[in-house]
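Let's walk through this protein together, one step at a time. Keep the sequence and the 3D view side by side as you read.

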Amino acid sequence: PNPWKPNGLHPAEGKPFMDSDPTSGIVFDRLPVAVNIKIYTLRGKLVAKFDTDLAVGSLHWDGNNMDGRQASSGGYFAVISAQGLKSVVKKFAIIR
């Protein structure tokens with residue numbers, strides 16, 4: 001969901017991240033097998049990055065930055081790239 005409200009009362013607002021629940025956190029789906037995702041603040045600061053070879057075509061982010069802390073409320077960009085394909089940029093918001 002956009003915006004993602006991990007502690008919202010309505011299921012359509014998103015769910016807190018749980019490793020065992022692939023529908024929790026911020027979900028990136030319909031991904032190519034080998035993918036690179038970088039998440040930036042609106043000011044361009046790198047918050048999180050994922051380099052992975054996925055067998056399932058989806059990835060769920062727990063909403064934490066690279067230091068393991070919760071990413072702040074605000075707007076973000078996700079840059080999704082895969083070799084041989086055009087990069088895609090998605091905007092989303094987190095409201096805590």
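Before we start, please bear in mind that this is a predicted model. A good place to begin is one of its pockets. Two strands, β3 (46-53) and β5 (74-81), each supply at least two residues of the lining of the second largest pocket. Of these, β5 gives the most to that lining, with 3 residues. In total, 15 residues line the second largest pocket, and Thr41, Lys45, Val47, Asn65 and Tyr76 lie nearest its centre. The space inside comes to about 240 Å³. What kinds of residues make up the lining of this pocket? They divide into 6 nonpolar, 7 polar and 2 charged residues.

Now step back to see where those strands belong. The secondary structure of the protein consists of 6 strands and 0 helices, so you will read the pattern β-β-β-β-β-β as you follow the sequence. Four of the strands form an open sheet in the order β3-β2-β5-β6, with antiparallel pairing. At its edges are β3 and β6 (88-94), each of which pairs on one side only. From one strand to the next, the twist averages 20°. As a general reminder, strands of a sheet pair through backbone hydrogen bonds, either parallel or antiparallel.

Let's look at one of these pairings in more detail. β2 and β3 run antiparallel and are joined by 7 bridges. You can check the register on screen: Ile37 stands opposite Phe50 in β3, and Lys38 stands opposite Lys49 in β3. The two strands form a hairpin with 4 residues between them. In the turn, Gly44 has a positive phi of about 95°.

Stay with that loop for a moment. Leu42 is found between β2 (34-41) and β3. Is Leu42 buried or exposed? Its relative accessibility is 55%, and because exposed means over 50%, Leu42 counts as exposed. Leu42 also has partners from further along the chain: leaving aside neighbours within four places in sequence, Leu42 is in contact with Gly75, Tyr76 and Phe77. For Tyr76, the C-alpha atom is separated from that of Leu42 by 5.5 Å, with the two positions 34 residues apart in chain numbering. Tyr76 is also one of the residues that lie nearest the centre of the second largest pocket.

Next, follow β5 to Ser81, which lies in that strand. Here the relative accessible area is 21%, and because buried means under 20%, Ser81 counts as partly exposed rather than buried. Which residues does Ser81 touch, once its neighbours within four places in sequence are left aside? They are Val35, Asn36 and Ser87. For a longer reach, compare Ser81 with Asp51: they are 30 residues apart along the chain, and their C-alpha atoms are separated by 9.7 Å.

Finally, zoom out to the whole protein. Of its 96 residues, 28% are buried. Among contacts between residues at least 6 apart in sequence, 43% join residues at least 24 apart. The contact between Leu42 and Tyr76, whose positions are 34 residues apart along the chain, is an example to keep in view.

Terms used:
Residues are numbered from 1 along each chain as its sequence is written. This is a predicted model: local features need pLDDT of at least 70, side-chain atom pairs count only at pLDDT 80 or more; totals for chains, interfaces and linings use all residues. Side-chain values use heavy atoms; hydrogens and water are left out. On a 1 Å grid over the protein atoms alone, a cavity is a set of points where a 1.4 Å probe fits but cannot get out, and a pocket is an open set with protein on both sides within 12 Å along at least five of seven lines; lining residues have an atom within 4 Å of a point. Grid points are joined across faces, edges and corners, and a volume is the space filled by probe spheres set on the points. Ala, Val, Leu, Ile, Met, Phe, Trp, Tyr, Cys and Pro count as nonpolar, Asp, Glu, Lys and Arg as charged, and the others, Gly among them, as polar. Buried means under 20% relative accessible area, exposed over 50%, partly exposed in between (1.4 Å probe, protein chains only). Contact means heavy atoms within 4.5 Å. Two strands pair if DSSP finds at least two bridges between them. Axes are lines fitted to C-alpha atoms, for helices over the stretch in contact, and angles run from 0 to 180 degrees between N-to-C directions.
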